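Colleague: Could you take a close look at one part of this model for me, the cavity and what sits around it?

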Amino acid sequence: MIVSRAPLRVSLFGGGTDFKEHFYNNKSAVLNMAINKYVHIIIKKRFNSDIYIYWSKKKEVCKNVYEIEHDLIRESLIKAQIYEGVEVICLSDVPGSGTGLGSSSSFTVAALNAAFTYSGIQKSSYELAKIASEIEIDILKKPIGIQDQYISALGGIQLIKMGLKDKLIFKNLGSKNSHVNFINNLFLVYT
């Protein structure tokens with residue numbers, strides 16, 4: 001059994017400038033921070049070839065990966081070349097959508113990490129973020145930017161500078177002592 005988790009995030013500034021349509025032609029930057037709330041994905045082998053998916057809206061039982069309704073799980077399993085015989089359980093510390101905390105990207109990063117690890121493949125944080133971006137933006141055509149996938153995979157407080165085309169520069173600001181006081185004095189309230 002593989003258990004994976006990825007943190008949710010709070011965007012501090014630069015939201016919207018992380019869309020490919022923007023940063024392919026303009027330099028931009030975003031600053032965001034991973035928080036101590038997570039999306040959890042558990043994957044384990046099944047005794048038969050069926051695929052069971054348990055998520056907030058339903059339980060799916062499928063004969064193969066292409067029947068899976070949950071698009072992020074389906075695409076994550078396909079990327080890891082898992083086509084049958086697994087059980088996937090999806091859990092979250094917060095409601096699944098509409099929170100503004102980047103939950104779909106955290107979900108995708110956690111699902112990819114679980115699926116690749118289950119397949120015996122270790123991907124770096126950067127690789128997971130890049131693949132998660134490809135799934136959400138290029139394959140599923142979701143109208144989102146790239147900051148959520150990278151902060152979920154990298155953690156900390158990240159300044160992401162985007163140059164023209166695909167040039168990305170990351171600076172983790174969360175590891176410096178001067179930021180510890182700032183982090184320890186933040187509160188996020190669910191209203």
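Modeller: Sure, starting with the lining: Ile41, Ile43, Ile73, Ser76, Leu77, Val88, Ala111, Ala114 and Ala115 line the largest cavity (points on a 1 Å grid where a 1.4 Å probe fits but cannot get out; lining residues have an atom within 4 Å of a point). Eight of these are nonpolar, one is polar and none is charged (Ala, Val, Leu, Ile, Met, Phe, Trp, Tyr, Cys and Pro count as nonpolar; Asp, Glu, Lys and Arg as charged; the others as polar). This is a predicted model, where local features need pLDDT of at least 70 and side-chain atom pairs pLDDT 80 or more, while totals for chains, interfaces and linings use all residues. Residues are numbered from 1 along each chain, and side-chain values use heavy atoms, without hydrogens and water.

The cavity holds about 40 Å³. At least two lining residues each come from strand 2 (28-45), helix 2 (71-79) and helix 3 (103-118) (DSSP runs: H or I of at least four residues for helices, E of at least two for strands).

Now helix 3. Of its 16 residues, 12 are buried (under 20% relative accessible area, 1.4 Å probe), so the rest of the structure largely encloses it. Among the buried ones are Ala111, Ala114 and Ala115. The buried residues of helix 3 pack (heavy atoms within 4.5 Å) against strand 1 (2-13), strand 2, helix 2, strand 5 (86-92), helix 4 (125-139) and helix 5 (147-154). After helix 3 comes Gly120, with a positive phi near 80°.

How values were computed. 1 Å grid on protein atoms, 1.4 Å probe; cavity = no way out; pocket = protein on both sides within 12 Å on 5 of 7 lines; lining within 4 Å. Points joined across faces, edges and corners; volume = space filled by probe spheres on them. Buried < 20%, exposed > 50% of the residue type's maximum accessible area, 1.4 Å probe, protein only.
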